[in-house]
Amino acid sequence: MKILVIGASGRVGSDLVEKLLADNHQVIGTTRQDKKLFDADNYSQLDLDLLADKEAIQNQMDNDIEAIYFVAGSGNKNLLEVDLHGAVKTMEAAQDKGIQRYIMLSTVFSLDTKKWQSSAIANLKEYYIAKHYADQWLVNDSTLNYTIVQAGALKERAGTGKITVNSSDAGENTIPDVAATLAAVLSANSASKKVFSMQNGDTLIKEAIANL
Ligand SMILES: NC(=O)c1ccc[n+]([C@@H]2O[C@H](COP(=O)([O-])OP(=O)(O)OC[C@H]3O[C@@H](n4cnc5c(N)ncnc54)[C@H](OP(=O)(O)O)[C@@H]3O)[C@@H](O)[C@H]2O)c1
């Protein structure tokens, strides 16, 4: 499959690209950096800036892309322009190009404002607002075949291969397990038009996705 990964240089993005390349997909990764991130025949790179206007972003997308991952983020530095408006521009561009499959990395309880009272989330309120409205747009205003993966805190630890989905509490996620979950939803019918939260747990990733 020909796949665009927006945010290929990130902690999750780079793990995800490695997995997609290993699965023999044709991957186009985006970064504003000059250096080529991966040295593989099935990898190419695009200098895509989410601050650009929607038409410019759309023109950078090949017509034959079959799926898009959004794993970019401003790290709280430019939430409106990157995490909200930047994300929505890529959804609009995908839709206008006829690219149906769109997979968003989001955050736990992004769509459930009643859960925002906890101090951990209250401290990230503006980030949550940005992710909330980007996710709302994807679910309610687009015709895309979306999956929204809502991860809790990202941890730089070795992967476990096991997760729990849709727990009532937030939990931690190793970055390799988030990347593996994103890779696993790509062609899973069970993940089509689904929003689910994840944290490390006790179910094999493939099994957890199959039972969504
Ligand atoms: N931190 C957490 O605990 C947590 C929990 C749940 C979900 N998340 C979500 O996971 C996402 C990924 O996390 P991460 O740690 O992998 O992120 P990261 O390492 O900070 O990577 C951010 C990515 O966003 C790209 N980016 C930033 N500004 C951009 C712009 N203006 N135009 C185009 N690309 C831009 C960067 O590309 P360049 O190479 O161009 O800089 C980079 O690839 C976060 O953004 C967040 O929404 C995070």
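**Chatting about a predicted model**

Visitor: Asp53, buried or exposed?
Guide: Asp53 is exposed, because 9 other C-beta atoms lie within 10 Å (12 or fewer within 10 Å is exposed, 20 or more is buried, in between is partly exposed, with C-betas placed from the backbone). This is a predicted model, where local features need pLDDT of at least 70, side-chain atom pairs count only at pLDDT 80 or more, and totals for chains, interfaces and linings use all residues. Numbering starts from 1 along each chain as its sequence is written.

Visitor: Where does Asp53 sit?
Guide: In the loop between β3 (43-46) and α2 (54-60) (DSSP runs numbered from the N terminus: helices are H or I, at least four residues, strands E, at least two).

Visitor: And how far is Asp53 from Gly86?
Guide: In sequence they're 33 residues apart, but in space 8.7 Å, C-alpha to C-alpha.

Visitor: New topic: at what angle do α1 and α6 cross?
Guide: Roughly 50°, with the axes of α1 (residues 11-22) and α6 (residues 175-185) coming within 8 Å (axes are lines fitted to C-alphas over the stretch in contact, angles 0 to 180 degrees between N-to-C directions). So α1 is oblique to α6 (not under 35, over 145 or 65 to 115 degrees).

Visitor: Which residues make that contact?
Guide: From α1, Arg11, Val12, Asp15, Leu16, Lys19 and Leu20; from α6, Ile175, Pro176, Val178, Ala179, Ala180, Leu182 and Ala183 (C-betas within 7 Å).

Visitor: Which residues come nearest the ligand?
Guide: Ser9, Gly10, Arg32, Ala72 and Gly73, out of 24 around the ligand (C-beta within 6 Å).

Visitor: Which element gives the most to that shell?
Guide: α1, with three residues. Both α1 and β5 (101-107) supply at least two each.

Key. Contact = placed C-beta atoms within 7 Å.
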